[in-house]
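Student: I would like to learn how to read a model feature by feature. Can we take burial, strands, rings and the ligand in turn?

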Amino acid sequence: MSFSIKDRKKEITQLKSEELDLLIIGGGITGAGVAIQASAAGMKTGLIEMQDFGGGTSSRSTRLVHGGIRYLKTFDVEVVSDTVKERAVVQHIAPHMTRPDPMILPIYDEPGTTFSMFSVKVAMDLYDHLAGINKKDNLKKYANYTIDKDEVLKREPQLNPEKLVGGGVYLDYQNNDSRLVVENIKRAHDEGGLMVSRIKAIEILHDKFGGVNGVRVKDILSGEEFNIHSKIVINTSGPWSDFVRHLDDNADKKSHMRPTKGVHLVVDQSRLNVPQPTYFGSGTNDGRMIFTIPREGKTYFGTTDTDFDGDYENPKVEQGDVDYLLDIINKKYPSANLTIEDVEASWAGIRPLLGVEKNEEDTDVVTGASNAGSLSAPSAVSRGSALKVADDGLITLAGGKLTDYRVMANGAMKKIRQILRDEFIEKFNEVDSAELKVSGGNFDSDNAEEVLSSFTKKGVQKGLDLEDSKELVTLYGSNVIEIFNDIEKTKPIKNLTLAETLALNYSLEQEMTLTPVDFLLRRTYNILFKNDEVDRMKKGVTEAMSNYFNWSNEEIQKYTAELDNEINQSRLEYLKK
Ligand SMILES: Cc1cc2nc3c(=O)[nH]c(=O)nc-3n(C[C@H](O)[C@H](O)[C@H](O)COP(=O)(O)OP(=O)(O)OC[C@H]3O[C@@H](n4cnc5c(N)ncnc54)[C@H](O)[C@@H]3O)c2cc1C
Ligand SMILES: O=P(O)(O)OC[C@H](O)CO
């Protein structure tokens, strides 16, 4: 079943003519999570996304499926309880991209430190207890433990030994955020969902009784405006939630969100080399903790956490963000001595934090949100989520983490069942979303590493080199078998390797990839982690897409400029001397 530009035209025709059961505004992880569950339940489901799927915060995270051990410090135990248990579920339904990756937590005796050796052990024991680590045979080996200062330095010789007192080691998971979005969207599409990107909601429509019955939208590619009618409309637009709510003339004009910006920087491993994900206090008394994570021969670190009111679609890294992060990293890894010239790539994202107090009327708290509010420092604000139904029926699901997207969607489905009552029982079926595998996840998650290495072997047997085969397996999971079947008949595109050609062909046909940035930034992470090869790749990708979409010269220039701008912005060219 293809999921490409050819399907987009057909699906827009259906959106125009058929009344939906559910329309979802926003195609980040929250919207994608609702889409997969609603489509699998048999609801006639539509999702519109004004950028690319995952174009907002869900491609700009720290790329972890994690329980937020830091939140225990602000007693956000509900969020931690929800998210730390959820890690294993996300690993089960998306096992090719949610990979166990134990975190080391060096502990320093410094002002404002988040944890001491005592409190980090209490936190890790609570974390493991909430996740049931010691009850699951395949997880017992990841039970937490503490190590002394010498052992920390043995593992991370570049770390500053001054005031270092020891460390903790506990389980968390690495993830591919924007791929988690697109794999949910693809499965929703396979279940009959109408999933369309580059469609923007511009007005909320009402019936004669004032109830929400649809949305007026604009096709960003054609400029055409049209109406989509639906029994239920849900707003899952993350940081944009207030803007979308305010499209509804009947909505209260209060702001419910408190968006904060988080920045990551990427350097080559030769400049800063960490053996495993490392997480430590900023040492600046701001309650921040900084991740330093190895990925594909690079090391990325972050994040900042600052109130934001800029361009949501294009949040930029600023000099202050770079100075903050480099200052902390150079203090923790003094031999690295990093400057902005070492930064190969970067990204900025906007957290969809809840700015409203938890006790706001008729707000169902879906996860955590124990101390949402506009008064606390950004890092003290809850990472919980809330579900709110406006008087005219518009549902808004906002906040949360990428890790608990399924729980959030479950909360939305529960509300939808309450609204539809007998109709839901008669027409639709309840889905166990904890067993609803995303596209590419159709294999035994309890033996994920073994299965994935058997897939890798198949690619090598068909002529791929080991690293290329491994990379395609990580990107596509069980879908890689279909890709490997095309090896014999695929000739590498000029300026691309065979593996890159296979990935691009699959992405165009099966992942609604419409621009070079979609492919190089969100379907793969080449702009971020393959900086030294992306100048070669961009020629091959742009030429191949120009042929595939039959672009005019004007379109070729537009998409080439868009890609160059994205790469230059990622490289911080505008800040470098
Ligand atoms: C720096 C940073 C690091 C993070 N790290 C992690 C992490 O490691 N692990 C974790 O679990 N969580 C992490 N998070 C949190 C997580 O990324 C977010 O909670 C999650 O991605 C939010 O997803 P969302 O779908 O709600 O919002 P988004 O991903 O922003 O999706 C909302 C979508 O709505 C679309 N939209 C807006 N208006 C309209 C409109 N009018 N019409 C149509 N579409 C519209 C937008 O284009 C956007 O794509 C991090 C967040 C940040 C900022
Ligand atoms: O929630 P924070 O502020 O710790 O930031 C997100 C992390 O970088 C990973 O979830």
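Student: Is Leu 572 buried or exposed?

Tutor: Keep in mind that this is a predicted model. For burial, read the relative accessible area; under 20% counts as buried. Leu 572 has a relative accessible area of 0%, so it is buried. Leu 572 sits in the segment after helix 18 (553-570). Its backbone deserves a look too: phi is positive, about 60 degrees, although Leu 572 is not a glycine.

Student: Which residue other than glycine has a positive phi near 65 degrees?

Tutor: That is Lys 163. Lys 163 belongs to the loop between helix 5 (149-155) and strand 7 (164-170). Its relative accessibility is 48%, so Lys 163 counts as partly exposed.

Student: Where is the peptide bond that is cis?

Tutor: For a peptide bond, read omega. From Gly 302 to Thr 303 omega is near 10 degrees, and the bond is cis. Thr 303 lies in the loop that runs between strand 16 (298-302) and strand 17 (306-307).

Student: Now a strand. Why is strand 21 described as largely enclosed by the rest of the structure?

Tutor: Count its buried residues. Strand 21 covers residues 395-399, and 5 of the 5 are buried, so the rest of the structure largely encloses it.

Student: In which sense does strand 12 pair with strand 21, parallel or antiparallel?

Tutor: Read the direction, then the bridges. Strand 12 (residues 225-235) pairs with strand 21 in the parallel sense, over 2 bridges. To place the register, take Asn 235, which stands opposite Thr 396 of strand 21.

Student: How many bridges join strand 20 to strand 21?

Tutor: There are 5 bridges, and strand 20 (residues 385-389) runs antiparallel to strand 21. One marker of the register is Ala 386, whose bridge partner in strand 21 is Ala 398. The two strands form a hairpin with 5 residues between them. In that hairpin, Gly 393 has a positive phi near 100 degrees.

Student: How should I read a pair of aromatic rings?

Tutor: Use two numbers: the distance between the centres and the angle between the planes. This structure holds 17 aromatic pairs. One of them joins Phe 3 and Phe 53, with 6.0 Å centre to centre and 20 degrees between the planes, and is stacked. The pair links distant parts of the chain, 50 residues apart. Phe 3 is in the segment before helix 1 (5-17), and Phe 53 is in the loop between strand 2 (45-49) and strand 3 (64-65).

Student: What is the relative accessibility of Phe 3, and what is that of Phe 53?

Tutor: Phe 3 is at 1%, so it counts as buried. Phe 53 is at 0%, so it counts as buried. Now take Tyr 525 and Phe 529: 6.2 Å centre to centre, 75 degrees between the planes, edge-to-face. Tyr 525 has a relative accessible area of 4%, so it is buried. Phe 529 has 1%, so it is buried.

Student: Which residues form one aromatic cluster?

Tutor: Trp 240, Phe 243, Phe 308 and Tyr 312 do.

Student: Rings can also face a charge. Which ring does Arg 63 lie over?

Tutor: Arg 63 lies over the face of Trp 347, at 4.2 Å from the ring centre. Lys 332 gives another case: its charged end sits over the ring of Tyr 108, 4.5 Å from the centre.

Student: Turn to the ligand. How many residues surround ligand 1?

Tutor: Begin with the neighbours, then look for polar contacts. Ligand 1 is surrounded by 39 residues, and the closest are Thr 30, Glu 49, Ser 58, Leu 64 and Thr 403.

Student: How far is an oxygen atom of ligand 1 from the side chain of Thr 403?

Tutor: The distance is 2.7 Å, to an N or O atom of that side chain. Backbone atoms take part as well. A backbone N or O atom of Thr 57 is 3.0 Å from an oxygen atom of the ligand. A polar backbone atom of Gly 400 also lies 3.0 Å from a ligand oxygen.

Student: Last, the record. Which residues does the "transmembrane region" annotation cover?

Tutor: In the unreviewed UniProt entry, that annotation covers residues 20-40. Set the model beside it: residues 20-40 are 57% helix and 29% strand, with the end C-alpha atoms 14 Å apart. The entry also annotates residues 434-555 as "domain: Alpha-glycerophosphate oxidase C-terminal". Over residues 434-555 the chain is 61% helix and 0% strand, and the end C-alpha atoms are 42 Å apart.

Methods: Residues numbered from 1 in each chain as written. Chains lettered and ligands numbered in written order. Predicted model: local features only at pLDDT ≥ 70, side-chain atom pairs only at ≥ 80, totals over all residues. Heavy atoms only, no water. UniProt positions renumbered as here; feature names shortened; annotations may be inferred. Helix = DSSP H or I, 4+ residues; strand = E, 2+ residues; numbered from the N terminus. Buried < 20%, exposed > 50% of the residue type's maximum accessible area, 1.4 Å probe, protein only. Pairing = 2+ DSSP bridges. Phe/Tyr/Trp six-rings, centres within 6.5 Å; stacked < 30°, edge-to-face > 60°. Lys NZ or Arg CZ within 6 Å of the ring centre and 35° of its normal. Near = heavy atom within 4 Å. Polar contact = N/O pair within 3.5 Å; in protein donor to acceptor, adjacent residues only side chain to side chain.
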